[in-house]
Amino acid sequence: MPGVCHWGPLIALGIVITVSITATYSALQLWALPTVRFLRLPNFILMYVWLFLILKNFYQALKGPGYVPLGWKPDKESDEQYLQFCRACRGYKAPRSHHCKQCGRCVKKMDHHCPWINSCVGHDNHASFTRFVFYVPFGCSHGAFMNCNFMYCMLTYEFLYNRPYLPINMYWLVFILSGIGLGIGAALGVFVLFVVQMRSISRNRTQIEDWIVDKAKRRRSKHGDQFIFPYDLGCWRNFTQVINLSGRAIGDGMNWVLKEGCSKYDFTIEQLEQKKIKKKQSMICEVKVGYNGASCAWRFGLATCVCCPCSLDEGKIPLNVGDIITVTRWQRYWAYGDKQLPQAEVDQGRRVKGWFPRQCVQVMDRNSDKDHDQTTSEEPAARRRKKKAN
């Protein structure tokens with residue numbers, strides 16, 4: 001499977017296999033001891049049951065989240081006004097779908113892009129991914145316990161029973177200690193991810209939708225209005241939408257069961273309103289200092305390097321002097337924007353957006369009246385020449 005040939009899945013598999021091999025070695029060594037009778041056979045079988053369940057759900061999660069068909073549009077032409085158009089996929093975004101830059105497609109019910117499976121977590125693989133992060137803490141904890149038990153017996157056997165213990169190879173000792181560290185670390189880290197997923201499933205809200213809902217509540221609270229999330233069906237029904245006996249999420253990922261009193265496009269309309277506000281608050285900037293897109297922007301000072309934004313979904317973009325960029329987010333040392341490209345590249349669906357040191361740019365104009373999203377770089381230049389002439 002092509003998705004496995006990536007550092008994320010390879011590291012995940014490496015951790016699981018390392019813990020499994022070391023735990024197997026420890027179990028076989030403990031099996032030979034007459035004084036160790038900790039449910040030998042059931043314990044050994046349970047260890048490989050965890051491994052089977054982990055690898056099975058890992059493989060299913062690798063199959064992908066499910067993508068919106070290229071060029072998709074709603075059945076009714078009048079519904080297009082309620083949906084966002086994706087230039088890269090040359091089609092409309094279905095409700096709850098979002099475009100992933102890493103996958104290069106619009107993903108059904110996108111939660112996040114997970115580097116450990118080298119794919120997005122979405123409608124089709126949400127259930128298998130949740131089961132995967134459920135079994136990993138149990139399997140890794142079990143393996144770490146077996147390794148710890150073996151180390152304890154190895155260190156205390158001669159003193160407790162006055163019998164020499166079998167000598168262990170130094171390489172195996174280092175390998176087992178690595179298995180203990182990786183097992184405990186993976187169990188704790190993945191358990192946190194499992195808790196996050198259970199919280200998301202219980203509310204039927206993805207991580208992206210959490211951000212949208214939070215902004216909607218803040219925006220409407222100023223006017224005394226209340227935003228109702230249309231896909232929240234109650235904790236139990238939300239849970240069964242993803243985790244059920246069939247092993248697959250319910251529905252096709254394009255049409256959704258709605259809360260009573262809500263319409264099909266309530267959420268997408270809210271997204272469009274937030275996009276309008278975002279464009280009004282954006283600023284047109286010109287690049288004054290070039291940037292090569294490196295994470296370690298040492299040329300711009302130590303504080304810029306230390307405060308570098310860490311996001312797998314939003315990378316850094318290189319900039320050349322004279323480029324025009326629409327900035328939508330500002331931090332103390334960094335800014336996030338959408339580079340304006342020639343119209344030919346825009347027509348091909350190309351888009352370049354990401355983070356860069358804010359020292360690189362100088363504000364030209366506030367984007368308040370016109371939609372500068374993915375326009376040509378010649379338009380702002382013509383406006384500057386006209387201002388200078390006046």
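This passage describes strand pairing, a salt bridge, a surface patch and a pocket in a predicted model.

The strands are considered before the other features. Strand β7, which covers residues 283-287, pairs with strand β8, residues 324-330, in the antiparallel sense, and four bridges join the two. Within this pairing, I284 has T326 of β8 as its bridge partner. Strand β8 also runs antiparallel to strand β9, which spans residues 334-339, and here the strands are joined by five bridges. In this second pairing, R329 stands opposite Y336 of β9. The two strands β8 and β9 form a hairpin, with three residues lying between them.

The residue R329 appears again when the charged side chains are examined. Side chains of opposite charge can pair when their charged atoms come close. Across the whole structure, a search finds 12 salt bridges, and one of these pairs is made by the side chains of R329 and E314, with a distance of 2.7 Å from N to O. This pair links distant parts of the chain, since R329 belongs to strand β8 whereas E314 lies in the loop between α8 (302-306) and β8, and the two residues are 15 residues apart. Thus R329 takes part in the salt bridge with E314, and R329 also stands opposite Y336 in β9.

On the surface, a nonpolar patch of about 430 Å² is made by W31, L41, I45, L46 and V49. Helix α2 gives the most to this patch, contributing four residues, and L46 is one of the patch residues found in helix α2.

Helix α2 also has a part in the second largest pocket, which is described last. Rolling a probe the size of a water molecule over the atoms shows where empty space is left. The second largest pocket holds about 250 Å³ of space, and the elements that give two or more residues to the lining of this pocket are α2, residues 40-62, and α3, residues 126-161. In total, 16 residues line the second largest pocket, and those lying nearest its centre are Q60, S128, R131, G247 and R248. When the lining of this pocket is divided by class, four residues are nonpolar, seven are polar and five are charged. Helix α2 therefore recurs in the description, as an element that gives two or more residues to the pocket lining and as the element that gives the most to the nonpolar patch.

Methods. Residues are numbered from 1 along each chain as its sequence is written. This is a predicted model: local features need pLDDT of at least 70, side-chain atom pairs count only at pLDDT 80 or more; totals for chains, interfaces and linings use all residues. Side-chain values use heavy atoms; hydrogens and water are left out. On a 1 Å grid over the protein atoms alone, a cavity is a set of points where a 1.4 Å probe fits but cannot get out, and a pocket is an open set with protein on both sides within 12 Å along at least five of seven lines; lining residues have an atom within 4 Å of a point. Grid points are joined across faces, edges and corners, and a volume is the space filled by probe spheres set on the points. Ala, Val, Leu, Ile, Met, Phe, Trp, Tyr, Cys and Pro count as nonpolar, Asp, Glu, Lys and Arg as charged, and the others, Gly among them, as polar. Two strands pair if DSSP finds at least two bridges between them. Patches are made of residues with over 30% relative accessible area and no salt bridge: like charges are joined within 9 Å, nonpolar side chains (Val, Leu, Ile, Met, Phe, Trp, Tyr) within 5 Å. Accessible areas come from the Shrake-Rupley method with a 1.4 Å probe; for residues, only the protein chains shown count as cover. A salt bridge is a side-chain nitrogen of Lys or Arg within 4 Å of a carboxyl oxygen of Asp or Glu.
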